[in-house]
Amino acid sequence: MNFKSDMKTREKISALLLSAGIILALLPLTGNRSFSGKPEKVLSEILNAETFFSVDQVARFIVTEDSTIQLIDVRSPEAYRKNTMPRSVNIPYNDFIGNDPDKYLNNRNIKNIFISDDDYDSSLAMAYSKGLGYSNCYVMKGGLKEWTSTVIESTFTGERISARENALFETRIRAARLFNEMNSLPDSLKLKFMESKKFSAKKLDGGCE
Amino acid sequence: MGPISSLVIMPEWLDLLIAFMIGTGFGFALEQAGFSSSRKLAGMFYGYDTTVIKVFFTAAIVALAGSQLLSYLGLINLNQVFVNEYYVTSAIAGGIIMGAGFIMGGFCPGTGISAMSIGKIDAMVYIAGGLTGAFLFAETYPLIRNIAEANYKGPVKVNEVFGISPGLFTLILIAAAAVMFWLAEAAEKRFARPDITNEL
Amino acid sequence: MKVLKQYWIVLLIILATITAVFVKGFSRNSFRYDAVKRAEPSVNKANIITPGQTARLPGDILWIDLDGVKNFSTGPDEKVISIPADSILTKTYKKLIFKHKGSIVIKSADKAISAGVWMILAQMGIKNVYILN
Amino acid sequence: MPGKEKSQVAANLGIQRLLVLILLIIMKKKYMNPYLAGTMLGLVLLMAMFISGRGLGASGGIKYCVVSVVGALDRSHADNSVYYSKYFQEGKKPLTNWLTVEIFGVLAGGFISGALSKRLRFRIEKSPSISNTRRLIFAFLGGVFFVYGAQLARGCTSGAALSGMAVLSVAGFVTMIAIFGSAYIFAWFFRKNWI
């Protein structure tokens, strides 16, 4: 047993760890994350036109039952219960910011489309997610207001209908039917549906379990 | 940012290869520290050899401070690192049973495995006992299930309990450890047993 | 000198750590704040103001029009600048924004643009940024 | 090209010298300096956190070995038991679990270290005042107790205490205090075994 060399190492390691501890104590650590990446790059990703889907695109996703899409409604639960987009989940904006979004966004193969009344909360949620590194996040442009005026109350006003327009209207009408079916459900059934769509935190692997 | 496993979906073989490599590092460090010797480990409880406390606390603090620093630099997301779940009753009861096992056997599972690998027969018997213990637990699980699942508090962090920043708690822990290291070396001198330590 | 010789490795590690922390902490060109905390004003909608409320904002107001048109209806002595949203982080404008003491009010006809820019500025550590409704 | 060969020989010699130096550092003392070894262990733990987002573990691997043996011997018993069945759900294989593979790594790492430091030898380590049988009986009992307790506390000294402390988990600190506290108390009863 070499006491002397042990003691020297102890002094060194104590000095090292204590200084590291002082640095850490001075840092504003909260255990939460900050944004990552270069600000310019994140900004250009947020403003990119490809980040925004039109209501017609979303209507098509709903009608074709596209399984690579997840609609995230960031409005309040009350508003969500009143008007529920088919195949959407409800994460109110304040819950979304308060929790680690990883449990909602961790599937990289799925496009997450945020929806709010207008573009405000949905864009904030999208910008927040992109800043934290989840590039698979999008916004439904115009929000539910645009959805209601374009898809639900869609009427054709014109002389002749082209094949292309016909397909568009077909999609709109089918999406509107799905939306109305969804929202004419009795409240109890709807609540049940909402419960089934609730996210549960993803369990992390670890420990000795 | 890290942990890497949350960024990319790793194929199973790579995940297991990493597990093997990390295990190798773990076993190497344990053996080099002298944890393959049961009398060295037990020495901690009689004061003649305090390697356990030195290695254990240095390791915990290095990993703790390192992970905090990496998280500040944006290299690791600590929300994605597993935090042990706190079941009050079972943590205390299990800890007490483990303490008894520690002083009887002279190893803990990790050190037992690394001692086994260099041919310590007592360690092999210890691990055989460990396998029996795991089997007994599995068979008696229905009986003690209530104890095992009592008082669940979730993955709580210490700094949240005290309401201070993780960095400050780390500093307090480091200061406590530095004092402990100093005391440990004083104890080694006071309770020195050259007859034992020279054999190890 | 003797201390330096004995402790060189300790000093080296500490120095490297401090350098890394400083580079991260003082770089204007990176995010380093707690994302949840900086996003807080948007949770209780404290970051949206109506034209009538602007008088209550602290300090001078820097008006930024993200659409590139000067159509703010404000007093004559306020600074109104027009910056397209995608060039708000170019060197000159970034300097202007960081140097400004007081409040910053951004405005765009497109709510998606003002929301995105607000989130970026807030996360970069600029306080008192508001969106004009 | 004699010049090139010469430099190659010199480079080879340099590498050899470096390897010998590393070996000498490892084998210089009987055991590594505890603080250095602790730092090494801490860095391994940090690597595990950084790469896989989890801590180290040992008792978990032992449990998975038992579970897979029971599953191989009596599958219907495993499927009917509350405890075993969760390890066979969704086609999971306990033997290719992270923790199981990790403890085989521990075996390999310990062996490499023992070989480098010339500690490979079959022997029973004990206090001279007790018999081999007594040592082995207590070792066996110790194993039974320790792993039983580790299953209850969901982790052993490495899985719960060490890894738990590194992530500031309350469970880690409580388990650590319970283990060392109880070991200090029981130490008095078993002092004959060690000193």
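Which side chains meet in a salt bridge at 2.7 Å, N to O? The legends below, which describe a predicted model, begin with that pair.

**View 1. A salt bridge that crosses between chains C and A.** The side chains of C:Lys111 and A:Asp118 meet in a salt bridge, with a distance of 2.7 Å from N to O. The pair crosses between chains, from C:Lys111 in helix α5 (residues 111-123) of chain C to A:Asp118 in the loop of chain A between β4 (111-115) and α7 (120-131). The two partners can also be described by their accessibility: C:Lys111, with a relative accessible area of 32%, is partly exposed, whereas A:Asp118, with a relative accessible area of 18%, is buried, because buried means under 20%.

**View 2. A salt bridge within chain B, between B:Asp49 and B:Lys40.** In this view B:Asp49 forms a salt bridge with B:Lys40, and the closest N and O atoms of the pair are 3.2 Å apart. B:Asp49 is buried, its relative accessible area being 1%, and B:Lys40, at 7% relative accessibility, counts as buried too.

**View 3. A salt bridge along a helix of chain D, between D:Asp79 and D:Arg75.** The closest N and O atoms of D:Asp79 and D:Arg75 are 3.3 Å apart, and the two residues form a salt bridge. Both belong to helix α4 (residues 75-80) of chain D, and because they are 4 residues apart in this helix, D:Asp79 and D:Arg75 are separated by about one helical turn. D:Asp79 counts as partly exposed at 39% relative accessibility, and D:Arg75 is partly exposed as well, with a relative accessible area of 40%.

**View 4. A salt-bridge network made of A:Asp73, A:Arg75 and A:Asp117.** Here A:Asp73, A:Arg75 and A:Asp117 are joined into one network by salt bridges that share partners. For the wider setting of these close-ups, a search of the whole structure finds 16 salt bridges over all chains.

**View 5. The surroundings of B:Thr24 in helix α2 of chain B.** B:Thr24 lies in helix α2, which spans residues 12-33 of chain B. Once its neighbours within four places in sequence are left aside, B:Thr24 is in contact with D:Gly105, D:Val106, D:Ala108, D:Gly109 and D:Ile112. B:Thr24 has a relative accessibility of 17% and therefore counts as buried.

Notes
Residues numbered from 1 in each chain as written. Chains lettered and ligands numbered in written order. Predicted model: local features only at pLDDT ≥ 70, side-chain atom pairs only at ≥ 80, totals over all residues. Heavy atoms only, no water. Helix = DSSP H or I, 4+ residues; strand = E, 2+ residues; numbered from the N terminus. Buried < 20%, exposed > 50% of the residue type's maximum accessible area, 1.4 Å probe, protein only. Contact = heavy atoms within 4.5 Å. Salt bridge = Lys/Arg side-chain N within 4 Å of Asp/Glu carboxyl O.
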